[in-house]
Structure formats: structure tokens, C-alpha cells
Amino acid sequence: MRTINATRYVTPLREGGSLPAIVEADDQGMYVLKFRGAGQGPKALIAELVAGEIARALGLPVPEIVFVELDAELARTEPDPEIQDLIKASVGLNLALDYLPGAVTFDPVVEGVDAELASKIVWFDALVTNVDRTPRNANMLVWHRKLWLIDHGAALYFHHAWDDWLARSTAPFALIRDHVLLPLADKVAEVGETLAARLDSHTIDAIVENIPAAWLGGGAPFADHRQHRDAYATWLKRRRDASRTLVEEAIRARARHL
């Protein structure tokens, strides 16, 4: 993954767990920055990073994710004291997604999604326990007539409390019933097996290895950052291996919708 430096705070976006903003970087690009010092802190960035890169590995459309170095000097040009405080609290390594100028929010009434893509997204969101892909807040954009997945900071919610995390790794994802694309996802059983096979252990390990050590708290229940990182990889592998459980829950939830 690339690392860039933020050079200018452009404008805040809608409220969210990481209080995102559009920033300009030293590569002349524009990015949607997720601040480490906001909301749920590094955990939201870990979820954004891990879920987003898993989606990419599965062939799903996700904007490029980059690390962003944030300097305290950036706060000096901002008149808003809340933004100044946010920047100061986030000095160091943060996360951002490539900004898609002119993209529009996905509207299930207006935009069509084919059953295979809808099924892949449903399976993926069940895998990473993404609670934030509902009709109220789809967290999908349409850009150049293509669907893009964004905002995965609410995924992997198990890591907010690590008690019984191994047991919970193979549990059905009941909240899939609220998924905006569930009514269209009639091929979850077909795509689930393929996607699970595509997400091999080497891929999972490589994605988890990208988590910066500074974002891993260490401490209970982990002896060090290495053990903490390995726990994420273990959870994801067990979750992948429970694909049949995820598929069955999605099929049951969809049947209740129809």
C-alpha cells in the first residue's frame, strides 16, 4: 500500500465515526481521509483497511486505500477549532480512500445491480460483519456508471470486545437481513464457495500484515502486537471457513423478505 502526505485540508464530509474530510496530498491527488483521532479511533481504520482490502481481493470495486501521514502544521491553517483539535489528535499515520469526484450515492430504486454482484457483496458483508450497508445508508457510490463500495469502518465489530472472539468468528450474521442488496442476491450459494476459495490464507495474512503496529493496542488479551495481528488473521480464516453458515443465514433472511 502507498503512503502519502496530506498537504491541505479541503472540506469536511458528512458526519461519521471517523469524521471524514477531503484532503489534498503531495501526489496532487484528492482523498477522503479517515482520522485516527476521531470516533472509535484506530479500530475504525483497521476495519476500513482490512475489509476494504478483502473486498479488493475478492474482485469487488473499492477505491484505492492509502496510508496518509498527517502533520500538526496542517492545523495552523484551519480556522475551525474542532478541525484543529481533530488534526492534532490524528498526527501521524491515518487512512484514506481515493476521492471519486462527481460520484452519486447509490439509490436502489434508480440503480440496477445484477444478481451475481449483489450476491457477492452480500456474502462479503456477512464475512466481515458489516452492519452499515442498509437502505438507510447503503455506503455505495455510482461513479462512471459503476458501483463502488465505501465506508467499512463499522465492519469487524467483534474487535470492540475480544471476549469469546473465537466462538463468535463462526456465528451467523443475523443483521444480513437489513442489507440493501439482499432482495437481489439470489446467487449467494453459488458465489459463496468461489469467494471463499479465492480468499486463501496467504491473502488474509498479507492484508492483516498491513495493519500498522501503532494501531494495535497490545495489552489484554494480547501479549504483544504480533499476537494481536495474528488474532485478526485467525478470526478471518475461521470466518471464511464458515462460509456455509453465512450463506444459509443470507438465504433464510432473503426468504423472509420475499
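**Strands, cores and a buried histidine**

Q: How many of the six residues of strand β4 are buried?
A: Strand β4 covers residues 65-70 and is mostly covered. Strands here are DSSP runs of E, at least two residues long, numbered from the N terminus. Buried means under 20% relative accessible area, exposed means over 50%, and partly exposed is in between (1.4 Å probe, protein chains only). In β4, the buried count is five.

Q: From which number are residues counted along each chain?
A: First off, this is a predicted model: local features need pLDDT of at least 70, side-chain atom pairs count only at pLDDT 80 or more, and totals for chains, interfaces and linings use all residues. Side-chain values use heavy atoms, leaving out hydrogens and water, and each chain, as its sequence is written, is numbered from 1.

Q: Is the pairing of β4 with β5 parallel or antiparallel?
A: Two strands pair if DSSP finds at least two bridges between them. β4 and strand β1 (residues 3-12) pair in the parallel sense over three bridges, with T3 bridging to F67 in β4. With β5 (residues 92-98), β4 shares six bridges, and E69 stands opposite L93. The sense of that β4-β5 pairing is antiparallel.

Q: Why do β6 and β8 each have one side without a neighbour in the sheet, and which residues make up β8?
A: Three strands form an open, antiparallel sheet in the order β6-β7-β8. β6 (104-105) and β8 stand at the edges, each with a single partner strand, so one side of each lacks a neighbour in the sheet. For β8, the residues are 146-149.

Q: Which helix gives the most residues to the largest nonpolar core?
A: A nonpolar core is a set of buried Ala, Val, Leu, Ile, Met, Phe, Trp, Tyr and Cys residues joined through side-chain atoms within 4.5 Å. The largest one has 67 residues, and I54 and F124 are among those touching the most other members. Eight residues come from the top contributor, a helix (a DSSP run of H or I, at least four residues) spanning residues 42-57, namely α1.

Q: How many residues are in the other core, the one with V66 and I83?
A: This core lies apart from the largest one. Its members include L86 and A96 as well as V66 and I83. The number of residues is 19.

Q: Is H228 buried or exposed?
A: H228 lies in helix α7, residues 225-241. Its relative accessibility is 8%, so H228 counts as buried.
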